[in-house]
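Dear colleague,

I am passing on the structure we spoke about, and below it you will find notes on what turned up when I went through it. Please read them with the model open beside you.

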Amino acid sequence: MAEPSPPPDAAAPAGSQPQEADRLRDMLLAPGYLKMLALCALVGIPVSFAAFWFLVALHESERLLWVDLPHDLGWDAPAWWWPLPLLLVAGLLVGLIASRLPGAGGHIPASGLHAGGTAPHTLPGVLLAALASLPFGAVLGPEAPLIALGGGLALLFRDVARAPVTPQSTALMGAAGAAAAIAAIFGNPLVAAVLLIEIAGVGGPRLFAVLLPALLSSGLGALVFTALGRWTGLGTGSLGLKLSSAPPRLDAPDVLWSLLVAIAIAAAMRLVLGAGQRVAAFTTDAVIVRTVLCALGAAACAAVYALSTGRSPAEVATSGQAALSALASDPHTWGVGALFAVLALKGTAYTLCLGSLRGGPIFPAVFLGAAAGVLLAPLPGLGVIPAMAIGMAAATAATLRLPVSSVVLVALLLDTPGLMPLVILAAAVAFITAEVLPSGRRRPADGGPEAAGAAA
């Protein structure tokens, strides 16, 4: 039997750099790569400019439709029936865009987030579909249109600059533009970079095979260090800064509940996403009519919520970004009935919008996870803040199937380092649960009828 070949670095002289480091240095110093790197850096400026004004247009339009107009009519909050005409318009416009314009208004949200590289000629349809969906009450976020906007503008910039058109340049420019755009909504470039790495699938399944155990072991290690420090009263030194308020004190019930709650939330979100994929398959035929029906179904959920709870229908309609801030600042104003109602009705509306309108899946998932956490907070030894952290991390990881991005996003939102072990544990457990559960129906890869049946 032949002797196994030595590893690449085995024959290298002592004291020399590993061959992988040499390859990396050669790549970084290659003129073609340096030119592409400079182009990617430059493209961030116009992309960020466009992303800023796109988000401003979405925000101001939503405020006009859901705050200013109801106030002008003498209402403190939109009437219970307010979502019905708005989402009727949204369904009609998105159906027309999806059936008539190139690119079908972008990919259907039920297929998840996609990396950059959107063809520039499809950008008008993507932006129009987002403007027709999000301000009018679609239960979706702006991240998917932003990724498409950034990637499409980056490729347009490359073509204008007459840079070489290769698969490598398309991937690099698309990812750079998408990262610049998505950083605008999260307000943090680190979240954007990590999100794009995981969305693009750099390294394929091997990346997750390495990242997941590292993520899980680091979270458990942090719990062990915390417990030993409390039991012994000793310290090892820390890079942590002194904060104005102390983080919540973690204990054994928090850890136990994080496992159980993460599994339950992941299973629930898996059902929501599977149903969203079935809605997406339903809307591939008779696009206009069925998109309108789904939009009206989402509007009916918001109307029923307002009638049954006396609260604003905007808590079910729209992405949930504003409602999340209200929930986090004063969760005790939400009764048990309102929490059950918003979970059931916003979850149903989210399902319908995932398969019909245009936007991204992140913000409604974060809100649903937070609401589930507040509902479960009275469990023995849990508490509101840890429960919200667990719920947000589990729902985001189960929805996106991007565990590291979910941890970074929730950590940024909470800004409480003491909760990081729970966030990591919940995200890892939810990700594993979502992956091992039986997969649903195959879903369209984009928004067009021609993509029906394509693999996600």
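Ser-133 touches Ala-90, Val-94, Ala-138, Leu-357 and Arg-358, once residues up to four places away in sequence are set aside. Please bear in mind that this is a predicted model. Ser-133 belongs to helix α4, which covers residues 123–133, and with a relative accessible area of 0% it counts as buried, because that value lies under the 20% cut-off.

As for the protein as a whole, its secondary structure consists of 16 helices and zero strands. Of its 456 residues, 47% are buried, while the area that the protein exposes comes to about 21,000 Å², with carbon and sulfur atoms supplying 69% of it. If one takes the contacts between residues at least 6 apart in sequence, 77% of them join residues that are at least 24 apart.

I also looked at helix α15, which has 12 residues (residues 403–414) and should span 16 Å at 1.5 Å a residue; the C-alpha atoms at its ends are 16 Å apart, so the model agrees with the expected value. The buried residues of α15 are Pro-403, Val-404, Ser-405, Ser-406, Val-407, Leu-409 and Val-410. After α15 comes Asp-415, and the phi of Asp-415 is positive, near 50 degrees.

With best regards

Conventions:
Residues numbered from 1 in each chain as written. Predicted model: local features only at pLDDT ≥ 70, side-chain atom pairs only at ≥ 80, totals over all residues. Heavy atoms only, no water. Helix = DSSP H or I, 4+ residues; strand = E, 2+ residues; numbered from the N terminus. Buried < 20%, exposed > 50% of the residue type's maximum accessible area, 1.4 Å probe, protein only. Contact = heavy atoms within 4.5 Å. Areas by Shrake-Rupley, 256 points an atom, 1.4 Å probe, with all protein chains shown as cover. Expected span 1.5 Å × (residues − 1).
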